Structure formats: C-alpha cells, structure tokens
Amino acid sequence: MVDWLDRRLRRLRVAVRLLAAALIIAIAGCAPPPDLEAKTGRELQSRVLAVTTAAATGDPATGLRTLDELVEHLTRAAANGDVSFKRHQSIMKAVEAVRASLRAAAAAEAAASKAAAEKAAAATAAAEKATAAKESEAAAEGSDQNLATNQPTVTLAPQPAQTPQSAKEAPARGSDKGKGKKDG
C-alpha cells in the first residue's frame, strides 16, 4: 500500500511540475507589453519558481502557501493595471490546476504517512504481544520451577515394627471388672 502511494505521489509531483511550467508559460506568454508588465511578469515567475521548488521537494503545504501568495500578488497587479483581464484569467486557470495537483499531492502524502503510521503501530503491537507472550511463558516456566524447588521435602520414616506384648506386660483383661471397686 505504501509503495502504491509512493508511486502516486511521484506522479503527482511530475504533474505539479508540468502545471507549474504551464503557469510560467501563461505568465511569460508572447502577448504584447500591455497584457503583462515586464517587472510584474518577472515577480510572478519567481513566485512560480518557489511553488515549483516546493512541489519538487515534496512539500505541497509550502507550495500551496506560496501559490496563495502568488495569487495575492497577481490580484494586486491586476488591480494596478499591470496585468490585463484576459491574462489574469489565463494565469488563474493555470493556478487552479496547480492548486488541485498540490492538494492531491498533500492528500497522497497524508495517506502515505497515515499508512506508514498504521504499519508502525501494527508492528509495535505485534512486538508487544510477542514480548508479553514470552514473558508469560517465562513466568509459567518459572512458577513450575518454583513449585518443584519450593516444595518441602517430606520423608516418611518407617514406623517401628510392633511386637506382640508378652502376657506379663499386658494387663489382664477384665481382671478389675465387677470387684466392687468404685472409681472416685
């Protein structure tokens, strides 16, 4: 997915450069001087170069800001009479085409960043899960070992064998019965 977005971003950059070149041509066209004052044309061309540079370096946000500055300058120049209405309209068409390409490049860049962030988050989550599984496994092994080592050792000693009592040692059974002795 990231490769696809990368290729798309490169294509958008090329498109932006081509559109910026068209904008330069629109500004520097072969019209007679009253269509566009030479000084204003040079100033607009330098701003277009800044837009093109920003697009070429993969910074569509800066390109959009610079393009807005170009439009402001163009509008002031048109208000002062340095740019004819017809030339202003042709330049604005080229500006809008470049703006659309820069917005598309910014969206593609944002999508690529989001995809990369999601991929990194998934890799981090997988690593954490693997680490937790290893820790759990190690804890289980450790508790098995603790059970084996911490069990008290119980040894049963054999009880002495009982020998039958001799008649002398054994009290006579029933010898005290009924003799009238009271316990007391």
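Here are some numbered notes to help you find your way around this predicted model.

1. Let's start with the overall layout. The chain contains 4 helices and 0 strands, and reading along the sequence gives the pattern α-α-α-α. Of the 184 residues in the chain, 24% are buried. The accessible surface of the chain is about 13200 Å², and carbon and sulfur atoms account for 57% of that surface.

2. A word on how the chain meets itself. Take the contacts between residues at least 6 apart in sequence: 75% of these join residues at least 24 apart. The points below give some examples of parts of the chain that come together, so you may like to keep the structure in view as you read.

3. Helix α3 is a good place to look next. It covers residues 60-80 and has 21 residues. From the first C-alpha of α3 to the last, the helix reaches 30 Å, close to the 30 Å expected at 1.5 Å a residue. Just after α3 comes Gly81, which takes a positive phi of about 90 degrees.

4. Which residues of α3 are buried? They are Pro60, Gly63, Leu64, Thr66, Leu67, Leu70, Val71, His73, Leu74 and Ala77. Two of these names, Leu67 and Leu74, return in the next point, on the nonpolar core.

5. The largest nonpolar core has 18 residues. Within this core, the residues with the most contacts are Leu44, Leu67, Leu74, Val95 and Leu102. Helices α2 (38-56), α3 and α4 are the elements that give two or more residues to the core. The helix that gives the most is α3, with 6 residues.

6. His88 is worth a stop on the way. This residue sits in helix α4 and counts as buried because its relative accessible area of 15% falls under the 20% cut-off. What is His88 in contact with, leaving aside its neighbours within four places in sequence? The partners are Leu74, Thr75, Ala78 and Val83. Leu74 is also one of the core residues named in point 5.

7. Now for the charged side chains. Side chains of opposite charge can pair when their charged atoms come close. A search of the whole structure finds 2 salt bridges. One of them is formed by Asp68 and Arg99, whose closest N and O atoms are 2.6 Å apart. This pair links distant parts of the chain: Asp68 is in helix α3, Arg99 is in helix α4 (residues 85-150), and they are 31 residues apart.

8. Glu96 also forms a salt bridge with Arg99, and here the closest N and O atoms are 3.4 Å apart. Both Glu96 and Arg99 lie in helix α4, 3 residues apart, about one turn of the helix. Salt bridges that share partners thus bring Asp68, Glu96 and Arg99 into one network.

9. Finally, are the members of this network buried, exposed or partly exposed? Arg99 is buried, because its relative accessible area is 10%, under the 20% cut-off. Asp68 counts as partly exposed, at 36% relative accessibility. Glu96 is partly exposed too, with a relative accessible area of 39%.

Technical notes
Residues are numbered from 1 along each chain as its sequence is written. This is a predicted model: local features need pLDDT of at least 70, side-chain atom pairs count only at pLDDT 80 or more; totals for chains, interfaces and linings use all residues. Side-chain values use heavy atoms; hydrogens and water are left out. A salt bridge is a side-chain nitrogen of Lys or Arg within 4 Å of a carboxyl oxygen of Asp or Glu. Buried means under 20% relative accessible area, exposed over 50%, partly exposed in between (1.4 Å probe, protein chains only). A nonpolar core is a set of buried Ala, Val, Leu, Ile, Met, Phe, Trp, Tyr and Cys residues joined through side-chain atoms within 4.5 Å. Contact means heavy atoms within 4.5 Å. The expected span of a helix is 1.5 Å times one less than its number of residues. Accessible areas come from the Shrake-Rupley method with a 1.4 Å probe; for residues, only the protein chains shown count as cover.
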